[in-house]
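Open the model in your viewer and keep the sequence panel beside it. The stops below go from the whole chain down to single residues.

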Amino acid sequence: RELQTECSLLTEDKQETEYQQVHQKYEFADQLTKDMVLAFVKEVFVFEGERFEIVWNYEDYYKMTGLL
């Protein structure tokens, strides 16, 4: 159980570090680029009726920090 908790914390730390690196790279961008989409968007689902859903990379981190 303790090992599972430690692995979970390491995963969260790695995700936070990756997110911070990506965020810093694009922090002052003034337009959306293909590289930004590839960095932040994991998947896009398009449904009937002009409805869509975006699955974000780092979604767990966004939720953990209250950004999403």
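What percentage of the 68 residues in the protein do buried residues make up? The figure is 16%. Keep in mind throughout that this is a predicted model.

**Whole chain**

Colour by secondary structure. The protein shows 3 helices and 2 strands, and along the sequence they come in the order α-α-β-β-α. Switch on the surface: about 6100 Å² is exposed, with carbon and sulfur atoms supplying 52% of that area. For the contact map, take the contacts with a separation of 6 or more; 26% of these are between residues 24 or more positions apart.

**The nonpolar core**

Select Tyr19, Val22, Tyr26, Met36, Ala39, Phe40 and Tyr58. These 7 residues are the largest nonpolar core. Helix H1 (2–26) and helix H2 (34–40) each contribute at least two residues to this core. As background, nonpolar side chains in soluble globular proteins tend to be buried together.

**The hairpin**

Next, select residues 41–47, strand E1, and residues 51–56, strand E2. The two strands run antiparallel and are joined by 6 bridges. To follow the pairing, pick Phe47, whose bridge partner in E2 is Arg51. Then pick Val46, which pairs with Phe52 in E2.

Now go to the turn, where 3 residues lie between the strands of the hairpin. Which backbone angle should be checked at Gly49? Its phi, which is positive and near 75°. Glu50 sits in the loop between E1 and E2. Glu50 also has a positive phi, about 60°, although it is not a glycine. For context, most residues other than glycine have a negative phi. Is Glu50 buried or exposed? Glu50 counts as exposed because its relative accessibility is 80%, and the cut-off for exposed is over 50%.

**The nonpolar patch**

Show side chains and surface for Val44, Val46, Phe52, Ile54 and Trp56. Together they form a nonpolar patch on the surface with about 480 Å² of accessible area. Strands E1 and E2 are the elements that give two or more residues to the patch. Which element gives the most? E2 does, with 3 residues. A general point helps when reading the side chains here: in a regular strand they alternate between the two faces of the sheet.

**Two patch residues in detail**

Centre on Val46, in strand E1. Val46 counts as exposed because its relative accessibility is 69%.

Move across to Phe52, in strand E2. With 54% relative accessibility, Phe52 therefore counts as exposed too. Which residues does Phe52 contact, leaving aside its neighbours within four places in sequence? They are Phe45, Val46 and Phe47. Val46 is thus met three times on this tour: as a member of the patch, as the bridge partner of Phe52, and as one of the contacts of Phe52.

Methods:
Residues are numbered from 1 along each chain as its sequence is written. This is a predicted model: local features need pLDDT of at least 70, side-chain atom pairs count only at pLDDT 80 or more; totals for chains, interfaces and linings use all residues. Side-chain values use heavy atoms; hydrogens and water are left out. Patches are made of residues with over 30% relative accessible area and no salt bridge: like charges are joined within 9 Å, nonpolar side chains (Val, Leu, Ile, Met, Phe, Trp, Tyr) within 5 Å. Accessible areas come from the Shrake-Rupley method with a 1.4 Å probe; for residues, only the protein chains shown count as cover. A salt bridge is a side-chain nitrogen of Lys or Arg within 4 Å of a carboxyl oxygen of Asp or Glu. Helices (H or I, at least four residues) and strands (E, at least two) are DSSP runs, numbered from the N terminus. Buried means under 20% relative accessible area, exposed over 50%, partly exposed in between (1.4 Å probe, protein chains only). Two strands pair if DSSP finds at least two bridges between them. Contact means heavy atoms within 4.5 Å. A nonpolar core is a set of buried Ala, Val, Leu, Ile, Met, Phe, Trp, Tyr and Cys residues joined through side-chain atoms within 4.5 Å.
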